[in-house]
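Take a look at the structure below. This report walks through two of its parts.

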Amino acid sequence: MDTVLNLRSDTVTKPTDEMYRAMAAAELGDDVSRDDPTINRLEELAAEKIGKEAALFVASGTMGNLCAIVTHTHPRESLLCESQSHTYEHEVGGAAALGGLLCRTIRGERGFMAPEAIRQEIHDPEDVHVAPATLLSIENTHNAAGGVCLSAEQMKTMADTAHAHGLKVHTDGARIFNSAVAQGVPAADLVAESDSVMFCLSKGLSSPVGSLLAGPADFVKEARRVRKLVGGGMRQAGILAACGIVSLTKMVDRLAEDHANARLLAEGLAELPGIELDLDTVQTNLVFFRPPGDPDDFLQRCAEVGVLGVRFPNGQVRLSLQRHIAAADVKEALRRIGGIWPDS
Ligand SMILES: Cc1ncc(COP(=O)(O)O)c(C=O)c1O
(Lines give C-alpha, C1' and ligand atoms only; values in the text may rest on other atoms or scores of the structure.)
Protein backbone atom coordinates (compact mmCIF):
# COMPACT_ATOMS: atom_id res chain seq x y z
CA MET A 1 0.00 0.00 0.00
CA ASP A 2 1.05 3.64 -0.44
CA THR A 3 2.15 5.56 2.61
CA VAL A 4 -0.41 5.43 5.38
CA LEU A 5 -1.84 8.87 6.14
CA ASN A 6 -2.45 8.83 9.87
CA LEU A 7 -5.17 11.37 10.66
CA ARG A 8 -6.26 9.69 13.88
CA SER A 9 -4.97 12.38 16.22
CA ASP A 10 -2.44 15.15 16.66
CA THR A 11 -0.99 12.95 19.42
CA VAL A 12 0.77 10.89 16.74
CA THR A 13 3.38 13.62 16.24
CA LYS A 14 6.99 12.57 16.79
CA PRO A 15 9.69 14.77 18.37
CA THR A 16 11.47 17.22 16.07
CA ASP A 17 15.24 16.95 15.42
CA GLU A 18 15.72 19.92 17.74
CA MET A 19 13.87 18.01 20.46
CA TYR A 20 16.17 15.00 20.10
CA ARG A 21 19.18 17.33 20.46
CA ALA A 22 17.58 19.05 23.47
CA MET A 23 16.94 15.66 25.12
CA ALA A 24 20.58 14.64 24.68
CA ALA A 25 21.82 17.92 26.16
CA ALA A 26 19.26 18.28 28.99
CA GLU A 27 20.55 18.93 32.50
CA LEU A 28 18.77 16.49 34.82
CA GLY A 29 17.97 15.96 38.50
CA ASP A 30 15.34 14.38 40.74
CA ASP A 31 12.15 16.34 40.12
CA VAL A 32 10.35 15.00 43.20
CA SER A 33 12.92 17.04 45.17
CA ARG A 34 12.52 19.91 42.65
CA ASP A 35 16.11 19.30 41.53
CA ASP A 36 15.58 18.94 37.81
CA PRO A 37 16.69 22.27 36.31
CA THR A 38 15.11 21.54 32.93
CA ILE A 39 11.70 20.84 34.46
CA ASN A 40 11.99 23.94 36.62
CA ARG A 41 12.75 25.97 33.50
CA LEU A 42 9.81 24.48 31.60
CA GLU A 43 7.43 25.16 34.49
CA GLU A 44 8.53 28.80 34.70
CA LEU A 45 8.25 29.25 30.95
CA ALA A 46 4.81 27.62 30.88
CA ALA A 47 3.52 29.82 33.70
CA GLU A 48 4.76 32.90 31.87
CA LYS A 49 3.25 31.90 28.51
CA ILE A 50 -0.15 31.09 29.98
CA GLY A 51 -0.22 34.09 32.33
CA LYS A 52 -0.34 32.25 35.66
CA GLU A 53 1.85 32.39 38.74
CA ALA A 54 3.13 28.81 38.61
CA ALA A 55 2.91 25.58 36.62
CA LEU A 56 3.38 21.85 37.17
CA PHE A 57 4.70 19.36 34.62
CA VAL A 58 2.45 16.29 34.46
CA ALA A 59 2.53 13.10 32.42
CA SER A 60 -0.64 13.70 30.42
CA GLY A 61 -3.63 15.93 29.88
CA THR A 62 -5.79 13.46 31.78
CA MET A 63 -3.44 13.63 34.77
CA GLY A 64 -3.40 17.44 34.61
CA ASN A 65 -7.20 17.68 34.59
CA LEU A 66 -7.47 15.13 37.39
CA CYS A 67 -4.91 16.94 39.58
CA ALA A 68 -6.80 20.21 39.01
CA ILE A 69 -10.19 18.69 39.81
CA VAL A 70 -9.01 16.92 42.96
CA THR A 71 -7.12 20.01 44.16
CA HIS A 72 -10.06 22.38 43.68
CA THR A 73 -12.74 20.16 45.24
CA HIS A 74 -13.67 17.74 48.04
CA PRO A 75 -15.51 14.41 47.79
CA ARG A 76 -19.34 14.71 47.79
CA GLU A 77 -19.28 17.94 45.80
CA SER A 78 -20.33 18.42 42.17
CA LEU A 79 -18.20 19.14 39.11
CA LEU A 80 -20.01 20.92 36.28
CA CYS A 81 -18.77 20.12 32.81
CA GLU A 82 -19.96 20.23 29.22
CA SER A 83 -21.85 17.09 28.20
CA GLN A 84 -19.42 16.13 25.42
CA SER A 85 -16.29 17.33 27.19
CA HIS A 86 -13.16 15.19 27.26
CA THR A 87 -13.21 15.24 31.07
CA TYR A 88 -16.70 13.76 31.14
CA GLU A 89 -16.46 11.34 28.19
CA HIS A 90 -12.83 10.29 27.90
CA GLU A 91 -11.06 10.39 31.25
CA VAL A 92 -12.30 7.08 32.66
CA GLY A 93 -14.58 8.79 35.14
CA GLY A 94 -11.56 9.95 37.17
CA ALA A 95 -13.48 12.83 38.76
CA ALA A 96 -15.96 10.32 40.20
CA ALA A 97 -13.55 7.47 40.89
CA LEU A 98 -10.70 9.43 42.45
CA GLY A 99 -12.31 12.77 43.30
CA GLY A 100 -15.54 11.34 44.76
CA LEU A 101 -17.47 13.90 42.74
CA LEU A 102 -20.85 13.97 41.12
CA CYS A 103 -20.46 15.15 37.53
CA ARG A 104 -23.33 17.31 36.37
CA THR A 105 -23.34 17.91 32.64
CA ILE A 106 -24.37 21.01 30.75
CA ARG A 107 -25.21 20.90 27.06
CA GLY A 108 -23.13 23.57 25.36
CA GLU A 109 -23.47 25.30 22.01
CA ARG A 110 -20.14 24.68 20.27
CA GLY A 111 -18.56 24.26 23.69
CA PHE A 112 -20.09 27.43 25.12
CA MET A 113 -22.23 26.86 28.21
CA ALA A 114 -24.81 29.63 28.51
CA PRO A 115 -25.07 31.35 31.91
CA GLU A 116 -28.69 30.13 32.42
CA ALA A 117 -27.60 26.57 31.66
CA ILE A 118 -24.76 26.80 34.16
CA ARG A 119 -27.01 28.34 36.83
CA GLN A 120 -29.55 25.56 36.36
CA GLU A 121 -27.00 23.02 37.61
CA ILE A 122 -26.05 25.02 40.69
CA HIS A 123 -28.46 24.01 43.42
CA ASP A 124 -28.83 25.56 46.85
CA PRO A 125 -25.73 24.41 48.75
CA GLU A 126 -27.67 24.72 52.03
CA ASP A 127 -30.08 22.01 50.84
CA VAL A 128 -29.11 18.81 52.65
CA HIS A 129 -29.96 16.69 49.57
CA VAL A 130 -27.41 18.42 47.38
CA ALA A 131 -23.79 17.69 46.44
CA PRO A 132 -22.80 21.36 46.15
CA ALA A 133 -21.26 22.50 42.88
CA THR A 134 -17.75 23.81 43.52
CA LEU A 135 -16.01 23.62 40.15
CA LEU A 136 -16.84 24.41 36.52
CA SER A 137 -14.67 22.84 33.83
CA ILE A 138 -14.46 24.51 30.42
CA GLU A 139 -12.83 23.02 27.29
CA ASN A 140 -11.05 25.27 24.75
CA THR A 141 -10.70 24.26 21.95
CA HIS A 142 -13.71 22.03 22.40
CA ASN A 143 -12.72 18.73 20.85
CA ALA A 144 -16.06 16.95 20.26
CA ALA A 145 -17.73 20.16 19.07
CA GLY A 146 -15.27 20.17 16.16
CA GLY A 147 -12.11 21.66 17.64
CA VAL A 148 -13.96 24.98 17.87
CA CYS A 149 -12.50 28.02 19.62
CA LEU A 150 -14.07 29.76 22.55
CA SER A 151 -13.37 33.50 22.59
CA ALA A 152 -11.96 35.42 25.56
CA GLU A 153 -15.40 36.99 25.97
CA GLN A 154 -17.17 33.60 26.06
CA MET A 155 -14.59 32.30 28.54
CA LYS A 156 -15.16 35.33 30.76
CA THR A 157 -18.95 34.99 30.61
CA MET A 158 -18.79 31.36 31.77
CA ALA A 159 -16.17 32.06 34.43
CA ASP A 160 -18.04 35.10 35.78
CA THR A 161 -21.21 33.02 36.10
CA ALA A 162 -19.40 30.31 38.05
CA HIS A 163 -17.49 32.76 40.24
CA ALA A 164 -20.69 34.63 41.10
CA HIS A 165 -21.87 31.40 42.76
CA GLY A 166 -18.58 30.70 44.51
CA LEU A 167 -17.38 28.00 42.08
CA LYS A 168 -13.78 27.75 40.88
CA VAL A 169 -13.09 27.47 37.16
CA HIS A 170 -10.70 25.05 35.47
CA THR A 171 -9.95 25.13 31.76
CA ASP A 172 -9.08 21.96 29.90
CA GLY A 173 -6.93 23.76 27.36
CA ALA A 174 -5.37 20.64 25.86
CA ARG A 175 -5.30 22.63 22.59
CA ILE A 176 -5.39 26.17 24.00
CA PHE A 177 -2.55 27.24 21.69
CA ASN A 178 -4.56 26.10 18.66
CA SER A 179 -7.36 28.31 19.94
CA ALA A 180 -5.01 31.24 20.51
CA VAL A 181 -3.32 30.96 17.11
CA ALA A 182 -6.65 30.59 15.29
CA GLN A 183 -8.08 33.67 17.01
CA GLY A 184 -4.87 35.71 16.88
CA VAL A 185 -4.87 36.35 20.64
CA PRO A 186 -2.41 35.43 23.42
CA ALA A 187 -3.36 32.13 25.08
CA ALA A 188 -3.12 33.92 28.44
CA ASP A 189 -6.03 36.20 27.46
CA LEU A 190 -8.29 33.18 26.92
CA VAL A 191 -7.72 31.85 30.42
CA ALA A 192 -7.35 35.13 32.29
CA GLU A 193 -10.52 34.40 34.32
CA SER A 194 -9.79 30.69 34.86
CA ASP A 195 -8.44 29.66 38.26
CA SER A 196 -6.41 26.92 36.60
CA VAL A 197 -5.61 25.66 33.14
CA MET A 198 -4.14 22.48 31.71
CA PHE A 199 -2.52 22.40 28.28
CA CYS A 200 -0.79 19.61 26.36
CA LEU A 201 2.68 19.58 24.82
CA SER A 202 2.18 16.17 23.24
CA LYS A 203 -0.47 17.04 20.65
CA GLY A 204 0.14 19.54 17.84
CA LEU A 205 3.15 20.92 19.72
CA SER A 206 4.95 17.61 18.98
CA SER A 207 6.51 16.70 22.34
CA PRO A 208 6.51 12.94 22.98
CA VAL A 209 5.01 13.24 26.49
CA GLY A 210 3.69 15.86 28.86
CA SER A 211 1.22 18.53 29.84
CA LEU A 212 1.28 21.52 32.17
CA LEU A 213 -1.16 22.49 34.87
CA ALA A 214 -0.99 26.19 35.74
CA GLY A 215 -2.57 28.47 38.33
CA PRO A 216 -1.79 30.40 41.51
CA ALA A 217 1.34 29.25 43.41
CA ASP A 218 -0.61 27.83 46.39
CA PHE A 219 -2.91 25.86 44.04
CA VAL A 220 0.07 24.43 42.15
CA LYS A 221 1.77 23.52 45.44
CA GLU A 222 -1.24 21.42 46.44
CA ALA A 223 -1.64 19.99 42.91
CA ARG A 224 1.97 18.78 43.20
CA ARG A 225 0.91 16.68 46.20
CA VAL A 226 -2.06 15.28 44.25
CA ARG A 227 0.26 14.47 41.33
CA LYS A 228 2.37 12.42 43.78
CA LEU A 229 -0.79 10.70 45.04
CA VAL A 230 -1.65 9.47 41.56
CA GLY A 231 1.89 8.26 40.94
CA GLY A 232 2.93 11.19 38.78
CA GLY A 233 6.05 12.21 40.70
CA MET A 234 8.70 11.73 38.04
CA ARG A 235 12.45 11.72 38.50
CA GLN A 236 14.87 12.77 35.69
CA ALA A 237 11.94 13.76 33.50
CA GLY A 238 13.86 16.84 32.35
CA ILE A 239 14.65 14.65 29.36
CA LEU A 240 10.98 15.15 28.45
CA ALA A 241 10.74 18.74 29.66
CA ALA A 242 13.56 19.62 27.25
CA CYS A 243 11.16 18.79 24.41
CA GLY A 244 8.44 20.84 26.08
CA ILE A 245 10.66 23.91 26.00
CA VAL A 246 11.09 23.46 22.26
CA SER A 247 7.30 23.00 21.94
CA LEU A 248 6.58 26.30 23.67
CA THR A 249 9.29 28.34 22.00
CA LYS A 250 9.30 26.92 18.45
CA MET A 251 6.14 24.97 17.70
CA VAL A 252 3.24 27.28 18.53
CA ASP A 253 3.09 29.59 15.50
CA ARG A 254 3.26 26.73 13.00
CA LEU A 255 -0.10 25.39 14.25
CA ALA A 256 -1.58 27.79 11.69
CA GLU A 257 -0.36 25.38 8.96
CA ASP A 258 -2.37 22.55 10.52
CA HIS A 259 -5.41 24.81 10.60
CA ALA A 260 -5.01 25.70 6.91
CA ASN A 261 -4.67 22.00 6.04
CA ALA A 262 -7.78 21.16 8.08
CA ARG A 263 -9.72 23.72 6.07
CA LEU A 264 -8.41 22.30 2.78
CA LEU A 265 -9.46 18.81 3.87
CA ALA A 266 -12.86 19.93 5.10
CA GLU A 267 -13.66 21.84 1.93
CA GLY A 268 -12.73 18.78 -0.15
CA LEU A 269 -14.77 16.41 2.01
CA ALA A 270 -17.80 18.71 1.97
CA GLU A 271 -17.95 18.26 -1.79
CA LEU A 272 -18.21 14.47 -1.58
CA PRO A 273 -21.74 13.14 -1.90
CA GLY A 274 -23.52 12.25 1.32
CA ILE A 275 -20.99 13.74 3.73
CA GLU A 276 -22.52 16.05 6.32
CA LEU A 277 -19.92 18.56 7.39
CA ASP A 278 -20.43 21.98 8.91
CA LEU A 279 -17.56 24.10 7.62
CA ASP A 280 -18.20 26.70 10.33
CA THR A 281 -16.94 24.24 12.95
CA VAL A 282 -13.60 23.78 11.19
CA GLN A 283 -11.68 26.45 13.07
CA THR A 284 -8.47 24.68 14.06
CA ASN A 285 -6.80 21.34 13.24
CA LEU A 286 -9.75 18.96 13.63
CA VAL A 287 -12.35 17.98 11.03
CA PHE A 288 -15.56 16.29 12.15
CA PHE A 289 -18.23 14.98 9.80
CA ARG A 290 -20.98 12.43 9.49
CA PRO A 291 -20.55 9.94 6.64
CA PRO A 292 -23.66 8.31 5.25
CA GLY A 293 -24.15 4.82 6.63
CA ASP A 294 -22.18 3.33 9.45
CA PRO A 295 -19.13 5.39 10.52
CA ASP A 296 -17.20 2.22 11.41
CA ASP A 297 -17.69 0.83 7.88
CA PHE A 298 -16.59 4.14 6.45
CA LEU A 299 -13.46 4.18 8.63
CA GLN A 300 -12.71 0.59 7.67
CA ARG A 301 -12.88 1.48 3.98
CA CYS A 302 -10.68 4.51 4.58
CA ALA A 303 -8.16 2.33 6.41
CA GLU A 304 -8.08 -0.06 3.42
CA VAL A 305 -6.86 2.84 1.24
CA GLY A 306 -4.42 4.02 3.90
CA VAL A 307 -6.30 6.89 5.52
CA LEU A 308 -6.75 6.53 9.27
CA GLY A 309 -9.33 8.41 11.34
CA VAL A 310 -11.37 7.84 14.50
CA ARG A 311 -15.02 7.57 15.41
CA PHE A 312 -16.50 9.71 18.16
CA PRO A 313 -19.29 8.69 20.58
CA ASN A 314 -21.54 11.27 18.88
CA GLY A 315 -21.45 9.12 15.71
CA GLN A 316 -19.11 11.45 13.86
CA VAL A 317 -15.77 10.71 12.24
CA ARG A 318 -12.80 12.85 13.22
CA LEU A 319 -9.73 13.50 11.10
CA SER A 320 -6.86 15.43 12.72
CA LEU A 321 -4.15 17.50 11.12
CA GLN A 322 -0.62 17.75 12.46
CA ARG A 323 2.84 18.58 11.24
CA HIS A 324 3.51 15.21 9.55
CA ILE A 325 0.58 15.84 7.17
CA ALA A 326 1.37 18.46 4.51
CA ALA A 327 -1.04 20.07 2.05
CA ALA A 328 0.01 17.50 -0.58
CA ASP A 329 -0.95 14.70 1.82
CA VAL A 330 -4.36 16.29 2.33
CA LYS A 331 -4.92 16.26 -1.44
CA GLU A 332 -3.83 12.63 -1.53
CA ALA A 333 -6.19 11.76 1.36
CA LEU A 334 -9.06 13.41 -0.53
CA ARG A 335 -8.14 11.50 -3.69
CA ARG A 336 -8.15 8.20 -1.81
CA ILE A 337 -11.38 8.87 0.08
CA GLY A 338 -13.02 10.11 -3.14
CA GLY A 339 -12.01 6.78 -4.76
CA ILE A 340 -13.95 4.69 -2.26
CA TRP A 341 -16.87 7.06 -2.14
CA PRO A 342 -19.74 6.49 -2.42
CA ASP A 343 -19.63 2.90 -3.69
CA SER A 344 -16.81 2.13 -6.07
C1 LIG B 1 -9.70 18.18 25.08
C2 LIG B 1 -8.78 17.15 25.66
N3 LIG B 1 -8.52 17.17 26.96
C4 LIG B 1 -7.70 16.30 27.55
C5 LIG B 1 -7.08 15.32 26.80
C6 LIG B 1 -6.22 14.31 27.51
O7 LIG B 1 -4.90 14.33 27.13
P8 LIG B 1 -3.99 13.01 27.30
O9 LIG B 1 -4.30 12.14 26.13
O10 LIG B 1 -2.59 13.56 27.27
O11 LIG B 1 -4.33 12.39 28.58
C12 LIG B 1 -7.32 15.24 25.43
C13 LIG B 1 -6.68 14.19 24.63
O14 LIG B 1 -6.91 14.00 23.47
C15 LIG B 1 -8.20 16.19 24.84
O16 LIG B 1 -8.51 16.14 23.54
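The sections below cover a sheet, a helix lying across it, and another helix with its surroundings. Keep in mind that this is a predicted model.

## The open sheet

Start with the strands. Seven of them form an open sheet, in the order β2-β8-β7-β6-β5-β3-β4. The pairing is mixed. The edges belong to β2 (54–58) and β4 (102–106). Each has a single partner strand, so one side of each is left without a neighbour in the sheet. From one strand to the next, the twist averages 20°.

## Strand β2 and its partners

Which way do β2 and β8 pair, parallel or antiparallel? They pair in the antiparallel sense, over five bridges. Strand β8 covers residues 211–215. Within this pairing, A54 stands opposite G215 in β8.

A helix also meets this part of the sheet. Helix α2 (residues 37–50) lies across β2, β7 (196–200) and β8. Relative to β2, α2 runs at about 125°.

## Helix α13

Now move to helix α13, residues 295–304. Which of its residues are buried? They are P295, F298, L299 and C302. Seen down the axis of α13, these buried residues fall within an arc of 95°, so they line one face of the helix. The general rule helps here. An α-helix has 3.6 residues a turn, so residues three or four places apart point the same way.

What do the buried residues of α13 pack against? Four strands and a helix appear in the list: β9 (286–289), β10 (307–308), β11 (310–311), β12 (317–320) and α14 (327–340). Just after α13 comes G306, with a positive phi of about 80°.

Terms used. Residues numbered from 1 in each chain as written. Predicted model: local features only at pLDDT ≥ 70, side-chain atom pairs only at ≥ 80, totals over all residues. Heavy atoms only, no water. Buried < 20%, exposed > 50% of the residue type's maximum accessible area, 1.4 Å probe, protein only. Helix = DSSP H or I, 4+ residues; strand = E, 2+ residues; numbered from the N terminus. Arc of directions from axis to C-beta. Contact = heavy atoms within 4.5 Å. Pairing = 2+ DSSP bridges. Axes fitted to C-alpha atoms, helices over the stretch in contact; angles between N-to-C directions.
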